[in-house]
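Dear colleague,

I am passing on a structure that I have been reading through, and I would be glad if you looked at it alongside my notes below.

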Amino acid sequence: MARSTSSTLAPSRAGTSRSRAVRSGGAAATITGPPPFRPVQLAKLVDAVPGGDRWLHEMKYDGYRTLLAVGGGEARAYTRSGLDWSDRFTGILNEASKLKVRSALIDGEAVVLDTNGRTSFQALQGALKGAPDQIDYFAFDLLELDGEDLTGLPLIERKKKLALILPKKSDRLRYSDHIVGIGEKLFNQFCAAGLEGVISKLATGKYVGSRSGGWLKTKCIKRQEFVVVGWTPSDKSRSFRSLILGVHDGGELRYAGKVGTGFDTKELFRLMEIMKPLEQKAPTVKAPRAEVRGAHWLKPRLVAEIAYTEMTNEGTLRHPSYLGLREDKKPEAVVLETEEPIAQATAPAASAVKISNRDRVIYPESNITKGALADYYEAVAPIMLPWAGSRPISLVRCPQGRAKKCFFQKHDAGSFGDTVHHVGIREKDGHEEPYLYIDTPDGLMTCVQMGTIEFHGWGARIEDVEKADRLVFDLDPDVGLDFENVRTAAFQFRDILKSIGLETFPMLTGGKGVHVIAPLTPRAEWPEVKDFAHRLAQAVAQSDPEHFTAALPKVQRKGRIFVDYLRNQRGATAVMPYSARAREQAPVAAPITWKEMETISKPSHFHVGDAKELLKRAASKALSGWGRADQELPDL
C-alpha cells in the first residue's frame, strides 16, 4: 500500500494523551502523567450482610464516589462516570499530589464530616459550591501503583499496599478501615449510630469495573437517586411545595411520588432558579391527577438523592426526604434499585442461569452447540463485562442457530427477566425507549439462553450516554482484498491517529476487517465525536484515494478499504470485545496488541474454543492497560 499519510494530517495542537507504560510486574514503567480514569466496581444492594470470614466489611460513606489519579507531579479527580472534577476537589488533590509514589490510581469516597464525625451528604453539597477545604477523602482501594496494574490482586493485598502509601496522620486523606467477619454485628452498630450502612467485599476478589457481585451493600435507611420531573406550587410562598419524582423502571420513566421535606429556604430558591429553564408544557410522566394538580413539568435533566422509609405497592415513596442534587449521575442511569436476597447474591461463581437445549447445534458447519457457546461466554464473562457491561447493547439473536433467521434486538418488553436491565434513553422526538444493558455474568448468560450469539454496544456507558468513551474506526475491505491489505491499512491508521495525539489498539472483529480503537475520557459529546470521525475518515481517503475511501455507496469502494466512521455517533453500535460472531466456525472478536497484528493472518483468528487462551492473554503483562488512555479529541 501507499506510504503513511500521517504527515498530511498534522494537528493544529497535540492531543491530550499522556505517554504511559502500565505493567503487571518487572521493569519500571515510564510515567509522565496521572493514570487515566477506568470504570469503577459497583456493589449490589442486598437484604442482609453476608456471613463468614470470606468477607471484609467497611463503612458505607455518604458522599461522592471518586477516583484519585496521581502521577508526574499532577493529581486529578474523577467521578464514578468519568467526569473530571479536579476543580471541585482541590483540597484533596493538593494532599494527594504529595504522596510518595511515582503514580497511583486510588478508589474512594469524597465526604464532609459533621460535628458528630459522621459523613453528611447535605454538608458535602454545600462544600462543593465553594468550600473544597471542607472535603475529606476515604480511600478504600488501590487500582494502580507506580505503573503496575493491581486490579488482578486479591482485595486484601491491594488494601495493604494502599495503607502503606497513605499519610499516617492526615485529616484529608484517610484509610478506610475494615473488619473481617461479624458483618451483621457491625451493621447493627452502624444503624444504631445513624450511619448509612455497610459495604461487604470478597477479601480475595479482583477489581472489576462492573457490578460483578464481589461487592455488596446493605443499607440502614432506604435511599437512592430519583429524577426530578416537575414541581407543585406552594400556596404560602413563591417557591415550590414539593418536587415530583420519577424513576426508570423497565426502561420507562414512571411516577415515583413527591418529596416536600428536606429543603431549607436557600435550597428552595436555588432549585427554583435551576428548574426555571427546564419547564415544559407536556407532562413528563403519567401520574394521578389529584397528586400533581397545578404541576409545573420539567425536562428530565435533574437527579436528586432521596431518603425514604419504604415504597408502596403503587410504586411511590413513603415518607421521602430530599438530601440534595446529584451532579455526578445522569438521569438515564437512574433505575429502580431493589434488594437481592443475600443467598442469591453470594451463590457460587458459576452462573445460576439454566441453559436449555444445550445440544442444539448453533453452528451447523462445525457442529458447535448452544451449550458450547454458553460455556464460552461463562468462561470469558470476567474479561468481557468490563468492556460490554453497563453500556446500551444490541443483541444478535439466532434462536434456531446462525444459519436460520437472526435478528437485532435493542429493546425489551420484559421477557429477559431481572438479570438483563434497561436504561431509558431519549429518542429524537423526545420520548424515551428502554435500551438493554447487562452488568453481571447472569445477565450475559440470560441473553445467551435467549438465543443471543453477538453483543454490540454503544460507544458510551449508561452513566452518561451522551459522552463517548471510545472512537472506533472499522476498516472494511472490499471483496477481493486479502488480510494483508487490512493489516497494512491498520498500521497506517494507527500512525495517523498517533500523529494527532491518539493512542490506539487493534481488535480483530471475527468478520472481514479490523477495528482501530482509541479509548477516550468521556468528555466530548456525540455531535463533536461524529464530526471528528467523519472529517478524519475523509482526510485519510483524500490523502490516499488509491487505498482508502470514506464513501458510503458500495459501488465507490471497489478495490479499496472503507473507513467506516459511522460507529461514532449517538445510537450506533460496534461489536464488543470477546463477542462471538454469527459466522462460520464461530469466530470471536478479540483485542490484540500492535505487535501481534504483525503476524496474525486473519480477523477470525480466535473462536469460541479459545476461551482459556483469551483469558490467559487478557491477564498477560503485554496486554495490561488495554482500553485505557487519558486522552481527548484533538483538533484536526
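**The sheet, helix 4 and a salt bridge**

Strand 2 (residues 55–59) and strand 10 (residues 197–202) pair in the antiparallel sense over five bridges, where pairing requires that DSSP finds at least two bridges between two strands, and helices (H or I, at least four residues) and strands (E, at least two) are DSSP runs numbered from the N terminus. Within this pair, Met59 stands opposite Val198 in strand 10. Helix 4 (residues 183–192) packs on the sheet, touching strand 2, strand 9, strand 10 and strand 11 (215–219), with contact meaning heavy atoms within 4.5 Å.

This is a predicted model, in which local features need pLDDT of at least 70, side-chain atom pairs count only at pLDDT 80 or more, and totals for chains, interfaces and linings use all residues. Residues are numbered from 1 along each chain as its sequence is written, and side-chain values use heavy atoms, with hydrogens and water left out.

The structure holds 48 salt bridges, each being a side-chain nitrogen of Lys or Arg within 4 Å of a carboxyl oxygen of Asp or Glu. One of them joins Glu196 to Arg223, whose closest N and O atoms are 3.7 Å apart; Glu196 lies in the loop between helix 4 and strand 10, and Arg223 in strand 12, 27 residues apart. Glu196 counts as buried at 10% relative accessibility, as does Arg223 at 8%, where buried means under 20% relative accessible area, exposed over 50%, and partly exposed in between (1.4 Å probe, protein chains only).

With best wishes

Note on methods:
Axes fitted to C-alpha atoms, helices over the stretch in contact; angles between N-to-C directions.
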